[in-house]
Structure formats: structure tokens, C-alpha cells
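The following note sets out points for a colleague reviewing this model. Please read the points alongside the sequence and coordinates.

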Amino acid sequence: MSEYPFDVIARWTRRWNTREWHGRSPVPQSWSSAVAAVERDLGCLVSKKPLPDFSGYEWDILVVGEFGLAHVQLRRRDESGWGGYLRTEDPLDRDLPTAQATAFLADELQGDLTGNAWIDWPSAGWDILHATVVDGTAVWVRTRDRNNPLARIGHLCTDRRTSWGPADGSPGGE
């Protein structure tokens, strides 16, 4: 019996806040980049309640089934199998473009934080930001203005303080 509720044909694991992935083959670049981008953004634009301490966690990228679809999970290092803090509900294409993989993963983690832990991340003022793809780039946008990116996903701490942000020149800050 597998420790997963599906047939895992490839698996890569990476400790929180490190760069090295472990697996039998090279990790899919789009998913590796998505994990790194989301992890970088987690310390930015958090209000009202602190984030959980993920230092004892690891990321898993799991390719499942005959079609090569990918699941991502974030779980404690001492746990195994399907579980943990974040588990993607539906697998996506292993070869999904980086922007789509990044926006998808950011949206999944945001949903877990806001829906389960009641942490407003990321937020700018009263807005909980939304992860999406605009012009081929994974970005954070205000929910009421989805065509005006505030920051690229993975650069939330820096873009909001630069001219890359909103067209009106405002920093898109908190």
C-alpha cells in the first residue's frame, strides 16, 4: 500500500528555505521556480496575524498517474505521505509554464492561509491580493483591480517599493 492515495511516479523534496531538491531526476523547473517564488513572498504584506513558522517543513512535488500530472504539498519534515499544511486539490500538468504554476501555487497557499488559519496574506490595506497571470507574468493584484499588478509573485517585498507597481506610481503598500 502506498503512502499516497494515488500512484506517484516521480517525487522531489526540498527543505524549507533551501535551494536543493532531492529526487531521482531533475525537478521540473516550472514547479521549482513556483515553490521558490511563493516562499520568498511569504514574509511580505502580512497583516493582523503572523504566519506559521515553516522552518521545520519541506516541499514535495509529486508526479502522479499515467498523464504526468503534478501535486505539490508542504508538510512537516517528520511526517510522510499525503498530508501537511498545504496539499493541492487537483493535479496540474507537470510541464505547466512557470507563470501559471507560480500563480496556481500562490493561490493554493493563500487559500489555506486565509481560509484555514485566518491570516490575511498577502494584503495591501483592506485588500487581500489575488494571484494571477498578466501578460505572461505571475503577479499579485488587488481583487477589485485585476488588471493592475502590484508586484510579481516572488518579488512582493521589493516590487511594491519600486516603480514596477501600480500605474498611478503609488507603492501598493500596506
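1. The side chains of aspartate 60 and glutamine 73 are joined by a polar contact of 2.7 Å in this predicted model. Aspartate 60 also has a side-chain polar contact with threonine 13, at 2.7 Å. The residue belongs to strand β2, which covers residues 57-64.

2. Is aspartate 60 buried or exposed? Its relative accessible area is 0%, and because buried means under 20%, aspartate 60 is classed as buried. Leaving aside residues up to four places away in sequence, aspartate 60 touches Tyr4, Arg11, Trp12, Thr13, His71, Val72, Gln73 and Arg75. Both polar partners, threonine 13 and glutamine 73, appear in that list.

3. As to the overall architecture, the protein chain contains 3 helices and 9 strands. Read from the N terminus, the order of elements is β-α-β-β-β-β-α-β-β-β-β-α. Of the contacts with a separation of 6 or more, 50% are between residues 24 or more positions apart.

4. The protein chain has 174 residues, of which 48% are buried. Its exposed area is about 9100 Å², and carbon and sulfur atoms contribute 47% of that area.

5. Helix α1 spans residues 29-41 and has 13 residues. The distance between its end C-alpha atoms is 18 Å, which agrees with the 18 Å expected at 1.5 Å a residue. Buried residues of α1 include polar and charged side-chain names as well as nonpolar ones: Ser30, Trp31, Ser32, Ala34, Val35, Ala37, Val38, Glu39 and Asp41.

6. Which residues touch the most other members of the largest nonpolar core? Among its 43 residues, these are Trp31, Trp59, Leu105, Trp140 and Ile153. At least two residues of this core come from each of β1 (8-15), α1, β2, β3 (69-76), α2 (98-116), β7 (127-134), β8 (137-142) and β9 (145-152). Helix α2 gives the most, with 8 residues. In soluble globular proteins, nonpolar side chains tend to be buried together.

7. Across the whole structure, 8 aromatic pairs are found. One of them is formed by tyrosine 4 and phenylalanine 6, whose ring centres are 6.0 Å apart and whose planes lie at 15°, so the pair is stacked. Tyrosine 4 and phenylalanine 6 are both buried.

8. Tryptophan 16 and tryptophan 59 also form a stacked pair, because their ring centres are 6.0 Å apart and their planes are at 15°. This pair links distant parts of the chain: tryptophan 16 lies in the loop between β1 and α1, and tryptophan 59 lies in strand β2, 43 residues apart. Tryptophan 16 and tryptophan 59 are both buried. Ring pairs join Trp16, Phe54, Tyr57, Trp59 and Tyr85 into a cluster.

9. Isoleucine 128 is located in strand β7. With a relative accessibility of 24%, isoleucine 128 counts as partly exposed. How far apart are the C-alpha atoms of isoleucine 128 and tryptophan 140? They are separated by 9.6 Å, and the two residues are 12 residues apart along the chain. Not counting residues up to four places away in sequence, isoleucine 128 touches Gln110, Thr114, Asp120, Trp121, Pro122, Ser123 and Thr143.

Note on methods: Residues numbered from 1 in each chain as written. Predicted model: local features only at pLDDT ≥ 70, side-chain atom pairs only at ≥ 80, totals over all residues. Heavy atoms only, no water. Helix = DSSP H or I, 4+ residues; strand = E, 2+ residues; numbered from the N terminus. Buried < 20%, exposed > 50% of the residue type's maximum accessible area, 1.4 Å probe, protein only. Contact = heavy atoms within 4.5 Å. Areas by Shrake-Rupley, 256 points an atom, 1.4 Å probe, with all protein chains shown as cover. Polar contact = N/O pair within 3.5 Å; in protein donor to acceptor, adjacent residues only side chain to side chain. Expected span 1.5 Å × (residues − 1). Core = buried A, V, L, I, M, F, W, Y, C linked by side-chain atoms within 4.5 Å. Phe/Tyr/Trp six-rings, centres within 6.5 Å; stacked < 30°, edge-to-face > 60°.
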